[in-house]
Amino acid sequence: MMEKFLQQSMDTDEKFYRFEEQRLKIEDKRREAEHARELQMLQMLGQMLAGISSSVSQRSQSIPTSPPRRANHRSYADNFNYNAMTATLSPPIVIERSFSLHRTHTLKDMENIFQLVRNVIPPLTGKKHKGQDGRIGIVGGCREYTGAPYFAAITALKVGADLSHVFCTKDAATVIKSYSPELIVHPVLDSPNAIHEVEKWLPRLHSVVIGPGLGRDEVLLENAKGIIEKSKVKGIPIIIDADGLWLISQQPSLIQGYQRAILTPNYMEFSRLYEAMLRDPVDSSDHHGCVLRLSQAMGNLTVVQKGERDLISDGEKVLVCSHEGSSRRCGGQGDLLSGSLGVLAHWAFIAGAEKTNGQNPFLVAAFGACSLTRQSNHQAFQKFGRSMTASDMVSEVGTAFNKLFET
Ligand SMILES: NC(=O)C1=CN([C@@H]2O[C@H](COP(=O)(O)OP(=O)(O)OC[C@H]3O[C@@H](n4cnc5c(N)ncnc54)[C@H](O)[C@@H]3O)[C@@H](O)[C@H]2O)[C@@H](O)CC1
Ligand SMILES: Nc1ncnc2c1ncn2[C@@H]1O[C@H](COP(=O)(O)OP(=O)(O)OP(=O)(O)O)[C@@H](O)[C@H]1O
C-alpha cells in the first residue's frame, strides 16, 4: 500500500517536472522571439542614428569588437544576442556608457546596476508552484568539508530558490542533512556511477555550483569533470568555485568558451588560473587588466575576482563591487557568494534582455551576489565583531537582500 502510494507520488512529481520543463522551454522560445524583434528595431534605430551624426559614427568605430566566439557550442550569446547588440548598435547608446565602469565609477553607476539586479528578481505571487523560482544544485562536500556545500546550498534557499540540492560523498551526506532539514542531499559523488546519478537530476536543475568543499581527491575531481560536461550539454548555467577552480586550473579547456559559466576565484585561485592560462604571473599593479585578460583567455566567460574590491568581467567590461563589507575574513564567505550566485545567475539568465537593459545577465547576477555577500558580512560584523562566522552571515542574508533589492 505504502509502496503504491510512494510510486504514485513519484509519478506525480515526474509529471510535474516534465510539464514544467515544457512550460519553461515554451517561455524561453517566446522570449527569444521577443528579443529578436527588439534587436531588429534597435539595429534599425542604430543605423538611423549613425546616418544622422558623423561624430557619433566616429565614436562607433572605436567600440572594441567582440573577441572571436567559439563555434563549437551554442553560446549564451546566441540566445540573448548580447554581443550582437554591443557590436552592431551604433552608437552604443546611454546604457553602454553608463556601464563602462572604470576605476572611478559613480554612485549613479552603482545604483544603475542595483536596479538591474532588482529587475531580474522574480515577483512573489500566489500563482506559482514549488520549483518555479529556482532549483539549484551544489556539487561538493566530502569527508573533510561539509560546511562549504551547506553554506552555498542554504544561502541559495535564503536568497529565494525553492529547492536546493547537494550532491556530495556518502560520508558527508548525513552530516550535511543534520545541519538543515531544508536541503535535499544526494550521497552519490563517490559512487561508481556518480556522473550518471547527478545527470538524472540535471533536467530539473536551473543552475549548478561546482566546487564548494569538493576536495582534491582524484576520483571526485574526475566526477566533477563529468558533471560539468553533462551540464554544458544541457546549457545549464554553471558557477565554479573553490576546488572546482582547482580542476579548471589543471584543465582549462573543460570550461573554456562556455559563456554560461561564472568563475569565482579568490586571490589564490585567481593566481593559479591566471598563470595556467596566461603563462605569466598576475600583475599586481593592473587588477582590472588581469581579470579582463583572464576572462578573454577563457573565451569570455564571466570571472569574479573576489577581494577587497570584487572585480567582475566578461572580457569586455569590468564591473567593480566595493560595497561595504568588513575586515573579518572567516572561512565560508565565498560559499555564500557562490550559492547566491547560483540563484541570481538563473534569474538573470531567464529574465531577458529588456530586464537587464541588454547587459550580460551574468555580470548583473555577479554584481548582485557580491553586493549581497558583502552586505551580509557587514551586518553580521556589526553584531558580532571578531567572533562573526559564516553562519552569522547566513542569518543576515534575508535582511541584507531586502535592504539592497526590495526597497
Ligand atoms: N567549513 C567548510 O567546510 C569550509 C570549507 N572550505 C573548503 O576548503 C577547500 C579549500 O579551500 P582553500 O581556500 O583553503 O584552498 P586554497 O588552496 O585555494 O587556498 C590555500 C590557501 O591560500 C590562502 N589564501 C587565501 N586568500 C589569500 C590571499 N588573499 N593572500 C594570501 N593567501 C591567501 C588561504 O588561507 C588558504 O590557506 C575548498 O573546498 C573550500 O570550499 C572553505 O570554503 C571554507 C569553509
Ligand atoms: N579584503 C576584503 N574586504 C572586503 N570584502 C572582502 C575582502 N576579501 C574578500 N571579501 C568578500 O568576501 C567574499 C568571499 O571572498 P573570499 O576571498 O573570502 O572567498 P573564499 O576564500 O573563496 O571563501 P571560502 O572561505 O568560502 O572558500 C566576497 O564576496 C568578497 O567580496
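How many residues does helix H7 have, and how far does it reach from its first C-alpha to its last? In this predicted model, helix H7 spans residues 147–159 and has 13 residues. The distance from its first C-alpha to its last is 18 Å. That is close to the 18 Å expected at 1.5 Å a residue.

Helix H7 is largely enclosed by the rest of the structure, because eleven of its 13 residues are buried. Among them are the aromatic residues Tyr 150 and Phe 151. Ala 148, Pro 149, Ala 152 and Ala 153 are buried as well. So are Ile 154, Thr 155, Ala 156, Leu 157 and Val 159. The cover over these buried residues includes two strands, E1 (135–139) and E2 (163–168). It also includes helices H8 (170–179), H14 (333–351), H15 (361–384) and H16 (390–405). Gly 160 follows H7 and has a positive phi, near 140°.

A second element, strand E7, covers residues 302–305. Both of its faces are covered. Thr 302 and Val 304 are buried on one side. Val 303 and Gln 305 are buried on the other.

Strand E7 pairs with strands E6 and E8. Strand E6 (residues 261–263) runs parallel to E7, and two bridges join them. Here Leu 263 has Val 303 of E7 as its bridge partner. Strand E8 (residues 310–313) pairs with E7 in the antiparallel sense, over three bridges. In this pairing, Val 303 stands opposite Ser 313 of E8. E7 and E8 form a hairpin, with four residues between the strands. Val 303 is thus matched with Leu 263 and with Ser 313.

Technical notes:
Residues numbered from 1 in each chain as written. Chains lettered and ligands numbered in written order. Predicted model: local features only at pLDDT ≥ 70, side-chain atom pairs only at ≥ 80, totals over all residues. Heavy atoms only, no water. Buried < 20%, exposed > 50% of the residue type's maximum accessible area, 1.4 Å probe, protein only. Pairing = 2+ DSSP bridges. Expected span 1.5 Å × (residues − 1). Contact = heavy atoms within 4.5 Å.
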